[in-house]
Amino acid sequence: MDLGAAPDAWVGREPELAVLRQAVERLSLGVGSAVWVEGEPGIGKSALVRKAVDEAKAAGCEVLVGAADSISQRSPLHVMLDLLQVWPRSPDPRRHEIARLLSERRFGLLETADVPGTDIELLAGLVDELCTAGPVVLAVDDLQHLDETSFLLWHRLVAAVDQLPLLLITTARPAPQRRETDDLRAVFERRGHPLLVLEPLAEAEAAQLLDALAAELSEDVRGALRSLAAGNPLYLRELADAARRDGTLRDGGQLPTSFAEALWGRLRVVPAGAVEVLRAAALLGSRFVVAELVVLTAQPAADVVLGLQEAFAADIVVDSGGQLAFRHPLIRQALYEEMPLALRAARHREAAQALAESGSGALRVAEQLLASDEPGGMWTRRWLAENATALAAHAPEIVAELLSREADHSQAGGEAEVLIATLAWVLLGVGRYDEAVARARQGLAVVTLSTRRAEMYFVLVRSLFSLGRNTEAVEAARRALSRTDLSFVWRARLLVPLAMYQRAGEGDLETAEATGKQALHLAESVRDTFAIAYALTVLWTTHSVRRDHQAALAFVDRSLEVLSAGPEHSDLLALAQDARIFTLQNLARWDDAAAALREERDGGGLRPAGLRRGVTAAVLLYWLGSWDDALAEFDSDHFWQASCSYAGLREPGPTQLLHGVGALIAARRDERDLAAARIGAGSVVPISTIGERENQDFLMAASSVLFEQEGDAQRAMTVLADTALNRLPGEMTLTHQWLPDLVRLALDVGDQEVVQAALTQAQAEAEAETASDSGPARATAALWRCEGLAQQDPAPLRDAVEHYRTAGPPVELAGALEDLAAVCASRGEQAEAKDALHEAVTRYADFGAEWDVLRADRRLRELGVRRGVRGPREQRDVSGWGSLTPTEVRIAELVAEGRSTPAIAASLFLSRRTVQTYISHILGKLGASGRVDIARIVFESRAAKP
């Protein structure tokens, strides 16, 4: 979308233009920024931006501009896709591939269809790659009309301008606006980006502009025009042009009395045929193509082109890079609102049908139907029945509104069944669960086909579980399963969420497993890939709870095999991949778990990791001691996805778990305020099910550390005991990973009862788990630590240390070394105690675990052991090149090589958001202003090496 040519006459706005010029100059040096331009319609926002982007083009920057309007607000990413030129026929392979991926998106049976994260990641990655090739300017006019997903993308890009040669220019009308607009404006303010608020021109400036525009007008006429325009540059231009055009200078012509009259005067100078073409264009929005106008007007293409040429000559329409556009939205608005409402609605419906019959895209047709603002007829309902499901993957909110409107005005019968059933699915997909419940129940009352009835039961059960109305969900599932006309496919698909709830909601592991096996048997009998993989996931869960990790691994491997051979179910695939990583950890196959995470990310191609995958990575990296990497998985700048669903149950677990990992790392690093804040953020959701409880153990462990830091070992023990000793039936929580610390705390406060309870729990966990072929699994090693502490026997602790040296993970190795040092010291074995303490503290320092270092030193000092004089412990610099972690050094070097964020992510098997977080940290530590600065510092550090 073109902003139009910058006006020849330019008056005022010098301070604002200077800000934009400075941003362009910084951009040419590789330093990005963002500028917000605000003002009333016609005040000169677009002209100001056009002048700036023209100078950016002249400086060699790539400039991409777009504009939103009232229609685009209902079309997800429509403006952004046009802005970034992501079109199916794009000659750029990257853009073509993204367009293909977006066109192939469809509903998932587990996750919602409207997941903006994937689209945002794809487009943010494209922007990053464009910036790697050179400085880029992205400008969006009338941002207040953007759709919600586009706002999220713009948020993401604003967060990235400090690390890319990227200039974002936004124009918007004055606040108050939509919540999304106000929120984004607040982000600009918070980050210190310039906010340019354009005021009306001063009297002297208005006079100067009018002199330049129409010096031939008398002073009296110019004074009258200035009064009408009230300092608005667009009004001045239009009024001056109208005065000249309408003969004010001769024959005693009359001045226009308003801006609206001046606009109509411009329209009156073109023939009636051209005006009809423009009215058709107004139906399409502020931008359109000739082919659409030919369809809507039913005129020969030559006549349409002739009308457009006359509109060009009158400066009503402008070229917009492959499309046409009204020179100003107010011209389009005048044409549009001139049509009576009833006529306008009818013409929108006619336009929709004509566009559909001509082969236009479904979204364009849906926009016309939506704009009619009233129910359509038989053709509309038939078209929706045929196209709604495919369209819902791209514009679910539009489809939901259209279906709701038509379903409420449809006669009973097959047509109503299709509309209501499709609407129920779409509402489930966009997370409007209350409405989905109502529509599913409405569908159950009217549908006649058994397959459609089964679908409605599935939607109803999923929606009720998602709302936490578990009793109703179970009742609905059982009603469906009691029907004799329920097919094996849908019987299997309904049995699985029921089994999930039986385990995670009721804690009935035996029943859940029996239900899962029944679902698997039925699914296999009809070869339904989704139900087979879903049922295998249930069985993975039940065996994991029992600690039969070898069997769990077999189930999840089989699930992955089934999914690889059948149709794509990306939601289930991600769930199974994460389950496999979890089980490999339980089997103490840490290297295999890390390799599985790399393979999962490498296999994602352009499909980015979601929140659930970030949780899996964060937990794994925590135990591997890569704490900076773990924190990068959910940096606060990117943690915008508030919740996600898990296997058909309402569960805030991923969010709780991420905050828990962050809180525990902060606590162990002795960052107490940050730890407390993260504990608070993760504890806001009430725990009502077993499935929710099993994700809070990291939060509880972090709370325990905070209490210990305050000197309250009793409360520290009590908090940890509640998590580690009270595992409920069916609960997954890996209590063994917290038991050694619980034994240590219980010994500190002299509570032998808790010591024995922890030891009993550790023995039970170890006896239940199945080991891997390479040796004992995690619970067995934890038991050795507990036994060594409880019995003050170094032998099992030595076994634990040897196990962790061989199998990992490093964090548990450091803890076992500290425990060994304490037990050896208590037995007078000072030499071994000193060696173990020194290694433990060295490893703690590698993680940045300052609190653990302090605790270990104090604990051993009380037992008469000090590390001795080994020189001051090396401290990591807090800024400069020496402050970078190994991962940050590697990423800085890749930045210096000119790699884009997506390329760095692919080479290091990280998510794009994680790499962006790292780059932000690097910039802060180096005091750099952009990637060019990073590259300079990298080259300087290389030159400084001997």
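Author: Buried means under 20% relative accessible area and exposed over 50%, with partly exposed in between. The model discussed here is predicted.

Reader: Is E276 buried, exposed or partly exposed?
Author: E276 has a relative accessibility of 35%. The cut-offs are under 20% for buried and over 50% for exposed. The value falls in between, so E276 is partly exposed.

Reader: How far apart are R279 and E276 in terms of helical turns?
Author: The two residues form a salt bridge, with the closest N and O atoms 2.5 Å apart. R279 counts as buried, at 16% relative accessibility. Both residues sit in helix α12, residues 272-284. They are three residues apart there, so their separation is about one helical turn.

Reader: Which helices does the salt bridge between R226 and E203 link?
Author: The closest N and O atoms of R226 and E203 are 2.9 Å apart. The pair links distant parts of the chain, 23 residues apart. E203 lies in residues 203-213 and R226 in residues 219-229. Those stretches are helix α8 and helix α9.

Reader: Which residue of that pair is exposed, R226 or E203?
Author: R226 has a relative accessible area of 14%, which is under the 20% limit for buried. The other partner is at 52% relative accessibility, over the 50% limit. The exposed residue is therefore E203.

Reader: How many residues along the chain separate E694 and R503?
Author: Their side chains meet in a salt bridge, at 2.8 Å from N to O. E694 is in the loop between α34 and α35, whereas R503 is in helix α24. Both are buried. The separation along the chain is 191 residues.

Reader: How many salt bridges does the structure hold?
Author: Side chains of opposite charge can pair when their charged atoms come close. Some of the residues are linked in a network, namely R668, R785, E818, D819, D852, R855 and R859. The count for the structure is 64.

Reader: Which strands stand at the edges of the open sheet?
Author: Five strands form the sheet, in the order β2-β3-β4-β1-β5, with parallel pairing. Each edge strand has a single partner, so one side of each is left without a neighbour in the sheet. These are β2 and β5.

Reader: How many residues of β4 are buried?
Author: L166, L168, T170 and A172 point one way from β4. L167, I169 and T171 point the other way. Both sets are buried. The count is seven of seven.

Reader: How many bridges join β1 to β4?
Author: The two strands run parallel. V35 has I169 in β4 as its bridge partner. The number of bridges is six.

Reader: What is the hand of the β-α-β crossover from β3 to β4?
Author: β3 and β4 pair in the parallel sense over five bridges. V140 stands opposite T170 in β4. The chain crosses from β3 through helix α6, residues 148-160, to β4. The crossover is right-handed.

Reader: At about what angle does helix α7 run to β1?
Author: β1 and β5 pair over three bridges. W36 has L195 in β5 as its bridge partner. Helix α7, residues 179-190, lies across β1, β4 and β5. The angle to β1 is about 130 degrees.

Reader: What distance separates the C-alpha atoms of D128 and R912?
Author: D128 lies in helix α5 and is buried, at 6% relative accessible area. Its contacts include S900, T901 and P902. D128 and R912 are 784 residues apart along the chain. Their C-alpha separation is 9.9 Å.

Note on methods. Residues numbered from 1 in each chain as written. Predicted model: local features only at pLDDT ≥ 70, side-chain atom pairs only at ≥ 80, totals over all residues. Heavy atoms only, no water. Helix = DSSP H or I, 4+ residues; strand = E, 2+ residues; numbered from the N terminus. Buried < 20%, exposed > 50% of the residue type's maximum accessible area, 1.4 Å probe, protein only. Contact = heavy atoms within 4.5 Å. Pairing = 2+ DSSP bridges. Axes fitted to C-alpha atoms, helices over the stretch in contact; angles between N-to-C directions. Salt bridge = Lys/Arg side-chain N within 4 Å of Asp/Glu carboxyl O. Right-handed = clockwise from strand over helix to strand, strands pointing away. Lists of a residue's contacts leave out its neighbours within four places in sequence.
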